[in-house]
Amino acid sequence: MAAETSVSRKSDTAAIILWRGLMAAVLALAVGWGGIVYAANNSMQGAPKKEDGGFDGDAPTAILVEASSGSVLFEKNADELRAPSSMMKLMTVEVVFNAIKEGKIKLTDEYRISENAWRKGGAPAGGSTMFAILNSKVSVDDLLKGAIIQSGNDSCIALAEGMAGNERIFAADFMTKRAQELGLTKSTFGNSNGLPDPANKMTVRELAKLARHLILTYPDMYKLFGEREFTWNKIRQQNRNPLLNSLNGADGLKTGYTKEGGYGMVGSAVQNDTRLIVVINGLEDPDDRASEAKKMLEWGFRNFETRTLFAANQPVGYAKVFGGESRSVKLASPEPIKVMVPKNGSEKLIARIVYSGPVRAPVQSGQPVGVVKVWRGHNIAVEAPIYAAEAIGTGSTMRRAIDGASELVIGMFRASAEKL
């Protein structure tokens, strides 16, 4: 059973206004220079238009995200599945980073360059390559540099074969499985490097989520993405990321191109202690890819700033409790909930607390309950987990009986409504 509730910040009370299959506490947030004003208002505003300072881009699919909070500043067809091309190498890199972090492999481990890796991804293939020598043994450290800096297809195949014995197994049992664990539910993989394969599909939203994870989870290893060049087999190659030479603070991540996917890029830069991540895909020209990514990042840095919606441990709202000594439990986040907003003027946001409920007693303090989702127009700007801010013990036998009867009646009304 579930409900949607309207929450008043001033009185710290919650009133049930609509029953349906998911609990959602609705807050309208008017964010301006005066701070945050809360009102029970369900109106929504669209993304800023170009004449109002909004972004106008040419990429068929694009997204711009603030790394710390995950705030989405701009998106366009962000959930459309496309061939990710070499940007998909980020998933291979994450699998390797994670294996190193867990102690399953070491940077000094060496993998052989098989004939398969050499023919499909090496010099004979004519694509981006590390130029690794057939049957040579290369350390994981150098293979990662080849994959990240030189976009080596042979590097990725060698890593896949070294870890899984077979590239197909690596794609299915390592990449796809790990993607699911990270919440990349739409992504699928047929190989390790992004070379044309019908199974290689990702959205720009999930690529941005993956990039954010790499940046926040592996800060030391992430530095590889900012290295300007790498020499292997006496062949020196420049990093293929054009942002490194054209935008202050740029330090990653990956470009990509296939005929199926077009030209794409995952980029990131830091300015004034703010890190932004941009992902674009589907462009027809590499110069357009570089200029579009740079333009979007500059627009984000120029027009947005971070605001705190809720401080750490500040009450966000309430969730209905079943069979407890209290009818509701206070919700909060141990970390500040922040969102990027336009620097000038004001913008209306909509926030909803979403959880499966009612929450059954007893409830432990710190128990995960749900998430708070903040919308800018029709797009989710930020999503953050929320937890019980207090313990709620089990109620009396009478309280549990009353709650049980109430849920039964509500369930009957809901079933009747669904038949209409």
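F170 is buried, with a relative accessible area of 0%, where buried means under 20%, exposed over 50% and partly exposed in between (1.4 Å probe, protein chains only). The model is predicted, so local features need pLDDT of at least 70 and side-chain atom pairs count only at pLDDT 80 or more, while totals for chains, interfaces and linings use all residues. Residues are numbered from 1 along each chain as its sequence is written, and side-chain values use heavy atoms, leaving out hydrogens and water.

F170 shares helix α5 (residues 167-181) with F174, 4 residues along, about one turn of the helix; helices are DSSP runs (H or I, at least four residues) and strands likewise (E, at least two), numbered from the N terminus. F174 is partly exposed, at 28% relative accessible area.

Another pair of rings brings together W299 and F304, both of them buried. Their ring centres are 5.2 Å apart with planes at 70 degrees, so this pair is edge-to-face; rings of Phe, Tyr and Trp (its six-membered ring) pair if their centres lie within 6.5 Å, with planes under 30 degrees apart counted as stacked, over 60 as edge-to-face and the rest as tilted. Ring pairs also draw F74 into a cluster with W299 and F304.

Turning to K254, this residue belongs to strand β11 (residues 250-258) and is buried, with a relative accessible area of 3%. Its side chain makes a polar contact with that of S151 at 2.7 Å, the term covering N or O atoms within 3.5 Å; within protein, one must be able to donate a hydrogen and the other to accept it, and residues adjacent in sequence count only if both atoms are side-chain atoms.
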